[in-house]
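This report is a first guide for a reader who has not met this structure before. Please look over the sequence and the model shown below, and keep them at hand while reading.

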Amino acid sequence: MNRPRLITQILTVNLFMVTAALFVAALTSGIDLSSQRGRWQFAVLAGAWLGTFFLNGFLLRRRFEPLDRLLDVMEHADLSKPGRRFDLDAKLAGSSIDLERLAASFNRMLDRLERERLRSGERALRAQEEERKRVARDLHDEVNQALTALLLRIEAAIQNAPADLVAELRETKQLANQAMEELLDLARQLRPTALDDHGLVAALRANARELGRRIPVRVDFWADPDLEELPAEVQVVVYRVAQEAMNNAARHAHAGQIDVSLGSSESCVHLRVADNGSGFTVADEDQGQGLGLSGMRERALLVGGTLTIDSRPGRGTTVVLEVPTDSKPELQRELQNDGTEPTQPMQEPMRKPRSLPT
C-alpha cells in the first residue's frame, strides 16, 4: 500500500484546519447568504481560504525542496562510485538547522562506509593475492615436482621396456609434458613470478607475449621508459586489470589486434588496452559483468583509481585505467586516522623440500 508523501499529509491537515476555521468564522459572524452583503463577506472568506491554501502549498514545497534533493542523493548513493555528497546551501530557502544536521550526518555516514569498504577491500585484495601466490607456489613446487618425477620414471621405463610398449610409453610421456606445460601456465596466471622478480613492466610484457603464443592474436605492448616504481598494491591492480582486459579481447571479443600501453604523468599512471574485437554495449552499468568489468572497477577503486570503458558493437573496446601514484599513502593515512593498522601479508610456514622418488 502506497502511503502519501509527508508534504501531502501536511497540506491535507492544513486544508482541513483552514476549512474548519472558515465555517466557524462564518457561523460566529452570522453571515446571511441571502443578502448581498453576506454573500460578499462569504466571498472574502473563501478568497482568504484559497489564498491561504495556495500560499501554504508554495511555502511548503520550497521548504521541502532541500529534503527532496537529500532523498535523491540517498537513493542514488553508490559506494562503487565514491565522492558524491549532499551539498546543502544554507542561503537557499528551506534550509534549517535540523536539515543541516541530517545532511551532515548522512555525509559522515558515507565517509565511514567508504573508508570501511576501502579498508575491507584492501584486505580482501591482499588475502586473494597471497592465496594466489600460495597456490601457484604449491603447483610449481609440489605438483610440478611430482610430474617431473613421473617423467623420469617414464624415461627409465622406456629404456627397459619391450619394443611393443615403447610407442605407448612415449605417448604417455608426451601427455605428461603437456600437463606440465599447462600446469606452469596456470601457475603463471595465478601469480606471475615476473611481477615479484622483475616488476610490472616485465610481467605485462611476458603476459602479452604468452597470450600471443596461446591464442592467434597480435599483442603490441609499450611502456614508458621513465615509469617510476609503483607501490606493490598498485602494480597488482594494474597487472590484473590489463590481464583481464587482454583475455576478454582475445577470448570473448575475438580480437585480432590488441594494443597495450603503460604510461605515467606527474601524479598518475595510465594503462590503456584497446582491441579491434566485436565490442559490446556499456550503456547499462550492469552490462558486461560476465566479462569481469565489475571486478576491474572494484580493483581500481581499492587504489583510488578510475576505470573507463569505451565499447560499441563492431567498433572494439578500449579500457583505460588511471591510478594516482600517491593514492596509497593517502589510504594508509586514512587507515591510521581511523585507528586500524594496515593488514600485514600472511606468513606461510616453511615446507620441507620434497625429494624425487628413485
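## A pair of strands to begin with

In which sense do strand β2 and strand β3 pair, and over how many bridges? In this predicted model, strand β2, covering residues 257-264, and strand β3, covering residues 268-275, pair in the antiparallel sense over seven bridges. One of the residue pairs can be named, since D259 has A274 in β3 as its bridge partner.

## The overall plan

The protein has nine helices and five strands, and these follow one another along the sequence in the pattern α-α-α-α-α-α-β-α-β-β-α-β-β-α. Of the 358 residues in the protein, 35% are buried. Among the contacts between residues at least 6 apart in sequence, 70% join residues that are at least 24 apart.

## The sheet and the helices packed on it

The five strands form an open sheet in the order β1-β2-β3-β5-β4, with mixed pairing. The edges are taken by β1 (218-223) and β4 (306-312), each of which has a single partner strand, so one side of each is left without a neighbour in the sheet. On average, and with direction ignored, neighbouring strands of this sheet are turned by 10° against each other.

Helix α7 packs on the sheet, where it touches β1, β2, β3, β4 and β5 (316-324), and its direction makes about 10° with that of β3. Helix α8, made of residues 293-302, also packs on the sheet, touching β4 and β5, and its direction makes about 155° with that of β4. Within α8 the buried residues are L293, M296, R299, A300, L301 and L302, and the helix is followed by G304, whose phi is positive, near 75°.

## Strand β4 and its hairpin

Along β4 the side chains alternate between two faces: L307, I309 and S311 point to one face and are buried, while T306, T308, D310 and R312 point to the other and are not. Strands β4 and β5 run antiparallel and are joined by seven bridges, among them one in which R312 has G316 in β5 as its partner. The two strands form a hairpin with three residues between them, and G314 in the turn has a positive phi of about 80°.

## The nonpolar cores

Which residues touch the most other members of the largest nonpolar core? Among its 44 residues, these are M246, I258, L262, L271 and L321. Helix α7, covering residues 232-252, supplies the largest share of this core, with 11 residues. A second, separate core has eight residues, including A136, A176, M180 and A187. In soluble globular proteins, nonpolar side chains tend to be buried together.

I258 shows how varied the surroundings of one core residue are in sequence terms: leaving aside its neighbours within four places, I258 is in contact with L211, V217, R218, V219, D220, M246, A249, A250, V273, A274 and D275. In helix α7, N247 is buried, with a relative accessible area of 15%, and, not counting residues up to four places away in sequence, N247 touches L211, R214 and H252.

## Two helices side by side

Helix α2 (residues 36-75) and helix α3 (residues 97-160) pack at an angle of about 10°, and their axes are 11 Å apart. That angle makes α2 roughly parallel to α3. At this contact, P66, L67, L70, V73 and M74 in α2 meet L99, L102, A103 and F106 in α3, which by class gives nine nonpolar, no polar and no charged residues.

Elsewhere in helix α2 lies F54. Is this residue, F54, buried or exposed? At 56% relative accessibility, F54 counts as exposed, because the cut-off for that class is over 50%. The C-alpha atoms of F54 and L11 are separated by 9.6 Å, although the two residues are 43 apart along the chain.

## A loop residue with positive phi

Most residues other than glycine have a negative phi. H254, in the loop between α7 and β2, has a phi near 55°, a positive value in a residue other than glycine. H254 is exposed, with a relative accessible area of 63%.

Notes: Residues numbered from 1 in each chain as written. Heavy atoms only, no water. Core = buried A, V, L, I, M, F, W, Y, C linked by side-chain atoms within 4.5 Å. Buried < 20%, exposed > 50% of the residue type's maximum accessible area, 1.4 Å probe, protein only. Helix = DSSP H or I, 4+ residues; strand = E, 2+ residues; numbered from the N terminus. Contact = heavy atoms within 4.5 Å. Pairing = 2+ DSSP bridges. Axes fitted to C-alpha atoms, helices over the stretch in contact; angles between N-to-C directions. Parallel < 35°, antiparallel > 145°, perpendicular 65-115°, else oblique. Nonpolar A, V, L, I, M, F, W, Y, C, P; charged D, E, K, R; others polar.
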